[in-house]
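Student: I'd like a close look at one part of this model, the metal site and what lies around it. Could you walk me through that part and then on to the helices?

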Amino acid sequence: MLKPEDFYGALREVEFSLIDDLVKKAIAEGHSAPQILNEGLIAGMAIVGKEFKARDLWVPDVLLAARNMHRGIELLEPLFSKEGGGSKWKIVLGTVKGDIHDIGKNLVSIMMTGSGFEVVDLGVDVPAEKFVTTIKDHQPQIIGLSALLTTTMLEMRNVIDAIKGSSGDIKPYVIVGGAPVTEAFAREIGADGYGADAVSAVEVAINLLEKK
Ligand code: B1M
């Protein structure tokens, strides 16, 4: 059984050595990558989130935790990626305008890559117009939008409207996700799918494409 408090401690460290040791030890003990991610890193980050909300931690502490989280995910990434095989589908991913949270989006990217998608990652704070021009340039079958703030989740509707209203022939499916986003909200803004986590995002994307 992994202890979220151990991962919380490692996320708070200035040095990488603790997170490195903890993740490598969990792998060596035979824990699966999804288990280390969910029961370790994400559970540890949830404690950081609670303390941040309670004002026991401040933005620099959370930035440090985010840096360490990226490091932990980097160590797990090879365990999620499948070898070989050309990409069958293409997804354009981005965190919407006004929002710079990218840990969840990066997880979606890793899971999509591991499931045979070519990922075009536009990064964070991506304006609606950028999604529209990227659809023309890359012709993806799926657009994936991430938002972590109750304010920026509203921007997802603008992106969907911009894509639907654009003149291009290609109209990819749009899937959305991020902590404040719900299935009901996704439906309300006209998204084609909602992923509660990175694994469900892949399942939702594949279901949409295979029903075509
Ligand atoms: Co921010 N932050 N933050 N923050 N931050 C939250 C989100 C918050 C809930 C903290 C809190 O108050 N408890 C709160 C939002 C409150 C709200 O809107 N209701 C908050 C706030 C307020 C802010 C600032 C405004 C703080 C400030 O400046 N005063 C500011 C905003 C900056 C901005 O974006 N404009 C801010 C800044 C930051 C940091 C930069 C310091 C840092 C981000 C660093 C980074 O991402 N590189 C940060 C962090 C780390 C957090 C918390 C602590 C952790 C987020 C995280 O990475 N979780 C967060 C608290 C929390 O969530 N408990 C918080 C782990 C990650 C794996 O989960 O991203 O949810 P998540 O992804 C999940 C699912 O949501 C899903 O899959 C993942 C799991 O598999 N998913 C998708 C995500 N995207 C998906 C897309 C999909 C499908 C699924 O399809 C395409």
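Tutor: Happy to! Let me begin with a term: contact here means heavy atoms within 4.5 Å. Keep in mind, too, that this is a predicted model.

With that cut-off, H101 touches T95, V124, L148 and L149, leaving aside residues up to four places away in sequence. H101 is also the only protein donor of the ligand's cobalt atom, through NE2 at 2.2 Å. Along the chain, H101 is found in the loop between β1 (89–95) and α5 (103–114). Is this residue buried or exposed? With a relative accessible area of 37%, H101 is partly exposed. For a sense of distance, the C-alpha atoms of H101 and Y173 are separated by 23 Å, and these two residues are 72 apart along the chain.

Strand β1, which precedes that loop, leads us to helix α6, since β1 is among the elements that cover the buried residues of α6. The others include β2 (117–121), β3 (142–146) and α7 (155–165). Helix α6 spans residues 128–138, and its buried residues are A128, F131, V132, T134 and I135. Seen down the axis of α6, they fall within an arc of 165 degrees, so they line one face of the helix. In general, an α-helix has 3.6 residues a turn, so residues three or four places apart point the same way. The face of α6 turned away from the buried side carries the exposed residues E129 and D137. Just after α6, Q139 takes a positive phi of about 50 degrees.

Now for a helix pair. The axes of α3 (residues 33–53) and α4 (residues 59–80) come within 11 Å and cross at roughly 175 degrees. That makes α3 roughly antiparallel to α4, as angles over 145 degrees count as such. Sorted by class, their contact has 18 nonpolar residues, 1 polar residue and no charged ones. From α3, the residues taking part include I36, L37, L41, M45 and F52, while those from α4 include V62, M69, I73, L76 and F80.

One last stop is A196, in the loop between β5 (193–194) and α9 (198–210). A196 counts as exposed because its relative accessibility is 56%. The C-alpha atoms of A196 and T182 are separated by 7.6 Å, with the two residues 14 apart along the chain.

Terms used. Residues numbered from 1 in each chain as written. Predicted model: local features only at pLDDT ≥ 70, side-chain atom pairs only at ≥ 80, totals over all residues. Heavy atoms only, no water. Donors = N, O, S within 2.8 Å, 3.2 Å for Na, K, Ca; no water. Helix = DSSP H or I, 4+ residues; strand = E, 2+ residues; numbered from the N terminus. Buried < 20%, exposed > 50% of the residue type's maximum accessible area, 1.4 Å probe, protein only. Arc of directions from axis to C-beta. Axes fitted to C-alpha atoms, helices over the stretch in contact; angles between N-to-C directions. Parallel < 35°, antiparallel > 145°, perpendicular 65-115°, else oblique. Nonpolar A, V, L, I, M, F, W, Y, C, P; charged D, E, K, R; others polar.
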